[in-house]
Amino acid sequence: MKLVIHADGGARGNPGLAAYGVVIENETGKVIARLGQALGIKTNNQAEYGGVIGALEFIKKTLVPVTKITALEFYLDSDLIVNQLSGKYKIKSPELAVLAIRAKNLEKEICSAVIYKQIPRENNKPADKIGNQVLDSQMPVYEIDLA
């Protein structure tokens with residue numbers, strides 16, 4: 001199964017209170033999960049990585065045991081994170097390097113076909129909305145529809 005993941009992270013202040021939002025769709029476009037989590041005090045870039053890692057952890061724990069994942073296609077509005085995870089940019093920040101390694105290790109446990117694409121912020125509104133909902137309420141979002 002191919003999954004399409006829209007992920008976003010943000011911090012109110014930089015650093016500041018941070019959260020991420022994620023929308024995961026199957027290959028037919030059906031939303032199978034909406035996820036969001038508060039991250040404490042983080043930078044915007046750390047929050048963006050939080051969205052990728054949160055999605056990968058969910059996929060590993062929830063979907064891998066019940067279905068074969070053949071490809072992951074991530075859409076993020078962060079050019080920096082897309083290019084770091086795609087190997088186009090070196091990662092100079094030690095904090096971001098740790099997060100990138102964590103994401104890459106999770107990728108390997110799920111499948112070998114993982115791509116990251118940068119999209120305009122306005123095309124990532126559903127994931128952004130979840131992240132802001134979490135920041136406003138400090139309550140996680142965990143909605144799953146595997147039917």
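## A salt bridge between two helices

Let's start with a pair of charged side chains: Lys60 and Glu109 come together in a salt bridge, with N and O 2.5 Å apart. Lys60 belongs to helix α1 (residues 44-63), while Glu109 belongs to helix α3 (residues 94-110), so this contact ties together parts of the chain that are 49 residues apart in sequence. Keep in mind as you look around that this is a predicted model.

How covered up are these two partners? Lys60 has a relative accessibility of 33%, which makes it partly exposed. Glu109 is at 43% and also counts as partly exposed. Both values fall between the 20% limit for buried and the 50% limit for exposed, which is why "partly" is the right word for them.

## More salt bridges to find

How many salt bridges are there in the model? The count comes to 7. Another one of them joins Glu73 to Lys2, where the closest N and O atoms sit 3.1 Å apart. This pair links distant parts of the chain, since Glu73 is in strand β4 and Lys2 is in strand β1, 71 residues apart. Is Glu73 buried or exposed? With a relative accessibility of 12%, Glu73 counts as buried, because anything under 20% goes in that group. Its partner Lys2 is partly exposed, at 32%.

Next, take a look at Asp145 and Lys30, whose side chains meet in a salt bridge of 3.2 Å, N to O. Here the chain is bridged across 115 residues: Asp145 sits in the segment after β6, and Lys30 in the loop between β2 and β3. Asp145, at 35% relative accessibility, is partly exposed. Lys30 is partly exposed too, with a value of 29%.

## Three strands side by side

Now for the strands at the start of the chain. Strand β1 (residues 2-13) pairs with β2 in the antiparallel sense, over 10 bridges. As an example of a bridge, Ile5 has Ile24 in β2 as its partner. The two strands make a hairpin, with 2 residues between them.

Strand β2 also has strand β3 (residues 31-42) as a partner: 10 bridges join them, and they run antiparallel. One of the matches here is Glu25 with Val31, its bridge partner in β3. These two strands form a hairpin as well, with 5 residues between them, and Gly29 in the turn has a positive phi of about 95°. So how many of the residues in β2 (residues 16-25) are buried? The strand is mostly covered, with 8 of its 10 residues buried.

## Rings that meet

To describe a pair of aromatic rings, you give the distance between the centres and the angle between the planes. The count in this model is 2 aromatic pairs. One of them is Phe58 with Tyr142, an edge-to-face pair with 6.0 Å from centre to centre and 80° between the planes. Phe58 is in helix α1 and Tyr142 is in strand β6, so the pair ties together parts that are 84 residues apart in sequence. The two rings have quite distinct surroundings: Phe58 counts as buried at 5% relative accessibility, whereas Tyr142 is exposed at 56%.

The rings of Phe74 and Tyr116 also pair up, and they count as stacked because their planes are at 20°, with the centres 4.9 Å apart. The cut-off to know is that planes under 30 degrees apart count as stacked. Where in the chain do the partners lie? Phe74 is in strand β4 (residues 71-76) and Tyr116 is in strand β5 (residues 114-118), so to speak a link between distant parts, 42 residues apart. Phe74 is buried, with a relative accessible area of 0%, and Tyr116 is buried as well, at 9%.

## A nonpolar patch on the surface

Finally, go back to Tyr142. Together with Ile144 and Leu146, Tyr142 forms a nonpolar patch on the surface, and the three have about 310 Å² of accessible area together. Ile144 lies in strand β6 (residues 141-144), and at 37% relative accessibility Ile144 counts as partly exposed. Tyr142, in that strand β6 too, is the residue whose ring meets Phe58 edge-to-face.

Technical notes: Residues are numbered from 1 along each chain as its sequence is written. This is a predicted model: local features need pLDDT of at least 70, side-chain atom pairs count only at pLDDT 80 or more; totals for chains, interfaces and linings use all residues. Side-chain values use heavy atoms; hydrogens and water are left out. Patches are made of residues with over 30% relative accessible area and no salt bridge: like charges are joined within 9 Å, nonpolar side chains (Val, Leu, Ile, Met, Phe, Trp, Tyr) within 5 Å. Accessible areas come from the Shrake-Rupley method with a 1.4 Å probe; for residues, only the protein chains shown count as cover. A salt bridge is a side-chain nitrogen of Lys or Arg within 4 Å of a carboxyl oxygen of Asp or Glu. Helices (H or I, at least four residues) and strands (E, at least two) are DSSP runs, numbered from the N terminus. Buried means under 20% relative accessible area, exposed over 50%, partly exposed in between (1.4 Å probe, protein chains only). Two strands pair if DSSP finds at least two bridges between them. Rings of Phe, Tyr and Trp (its six-membered ring) pair if their centres lie within 6.5 Å; planes under 30 degrees apart count as stacked, over 60 as edge-to-face and the rest as tilted.
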